[in-house]
Amino acid sequence: MVKYLKEFKFENFMVFLLITIDIALAVLSSVFLANVLNSLIAKEMNQFFLWLAIDIILWMVDSFVQGARDVWKEIAIQKQLNAVRRDIIEPLTEISYSDFEKNSKEDYNSWLNNDTKLLYDNGFHQIYFVYTGIVAMLFSGIAIIFFHWVLLLTTLLVGALLFYFPKMFKQSVERDTEQVSELANDALATSTDYLRGYEVLYHNK
């Protein structure tokens, strides 16, 4: 995974940068929303409309940033998945036919399709998700400390739980992922056999 992140440095830099900007704008918008509420409670209507306008502008900018983030994320992931496929295919051009036949065509198709689909869902997306969580916790902590230290302590505690809790299920997830890959392999082999059978029946009338 790290190899492909390094190979596409610019694309991943843009993804991480846009995630950071998105989180910063979201947190800042939440802080300004508190000012909107405080102004409304204090019945300071000029301040209320001022903070409301600023918050709406921030929301609009953040919406644009989120769209750009999703586009760059998909670009980065697809380029990295294509690099994975390339690294699977290129060595096959250098091996003998007997070595090639050690694995079935269904295995190769599974590596190129099913396994890369798992990488798409559980690999690169999870890296960006973890980074998003870390940045969100950092910026939220900075914002919350200006309100009250108890809120910051609660945020850190919940963040630690969210970070370590999934590790309890790591082995079971890895086992289930392997089973999904094997089942997809078997299903692909079965469907291929059926199609070959139909083809044989057709040609033999």
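In this predicted model, Arg 69 sits in helix H3. Despite its charged side chain, Arg 69 counts as buried, because its relative accessibility is 17% and the cut-off for buried is under 20%. What does the side chain of Arg 69 make a polar contact with? The partner is the side chain of Asp 70, at 3.0 Å. Leaving aside residues up to four places away in sequence, Arg 69 also touches Leu 18, Ile 19 and Asp 22.

Ile 19 leads from there into the nonpolar interior. Again not counting residues up to four places away in sequence, Ile 19 touches Arg 69, Tyr 128, Tyr 131 and Thr 132. Ile 19 is also one of the residues with the most contacts inside the largest nonpolar core, a set of 16 residues. The others on that list are Tyr 4, Val 15, Ile 23, Ile 77, Phe 124 and Tyr 128. Which helices each supply at least two residues of this core? They are H1 (2-7), H2, H3 and H6 (114-144). H3 puts in the largest share, with five residues. Apart from this core lies another one, of five residues, and Leu 18, Leu 25, Leu 58 and Val 65 are among them. Leu 18, then, belongs to that other core and is touched by Arg 69, while Ile 19, also touched by Arg 69, belongs to the largest core.

On the outside, there is a nonpolar surface patch to look at. Leu 37, Leu 40, Ile 41, Met 45 and Phe 49 make up this patch, which covers about 510 Å². Helix H2 (9-41) and helix H3 (45-92) each supply at least two of its residues, and H2 gives the largest share, namely three. Met 45 has its place in helix H3. Is Met 45 buried, exposed or partly exposed? With a relative accessible area of 38%, Met 45 is partly exposed, because that value falls between the 20% limit for buried and the 50% limit for exposed. The same 38% also clears the patch requirement of over 30% relative accessible area.

The loop between H2 and H3 holds Lys 43. Its backbone is a bit of an oddball: Lys 43 has a positive phi of about 60° although it is not a glycine. Lys 43 counts as exposed because its relative accessible area is 70%, with the cut-off for exposed at over 50%. So H3 carries both the buried Arg 69 and the partly exposed Met 45, with the exposed Lys 43 in the loop between H2 and H3.

Methods:
Residues numbered from 1 in each chain as written. Predicted model: local features only at pLDDT ≥ 70, side-chain atom pairs only at ≥ 80, totals over all residues. Heavy atoms only, no water. Patch = residues over 30% accessible without salt bridge, like charges linked within 9 Å, V, L, I, M, F, W, Y side chains within 5 Å. Areas by Shrake-Rupley, 256 points an atom, 1.4 Å probe, with all protein chains shown as cover. Salt bridge = Lys/Arg side-chain N within 4 Å of Asp/Glu carboxyl O. Helix = DSSP H or I, 4+ residues; strand = E, 2+ residues; numbered from the N terminus. Buried < 20%, exposed > 50% of the residue type's maximum accessible area, 1.4 Å probe, protein only. Polar contact = N/O pair within 3.5 Å; in protein donor to acceptor, adjacent residues only side chain to side chain. Contact = heavy atoms within 4.5 Å. Core = buried A, V, L, I, M, F, W, Y, C linked by side-chain atoms within 4.5 Å.
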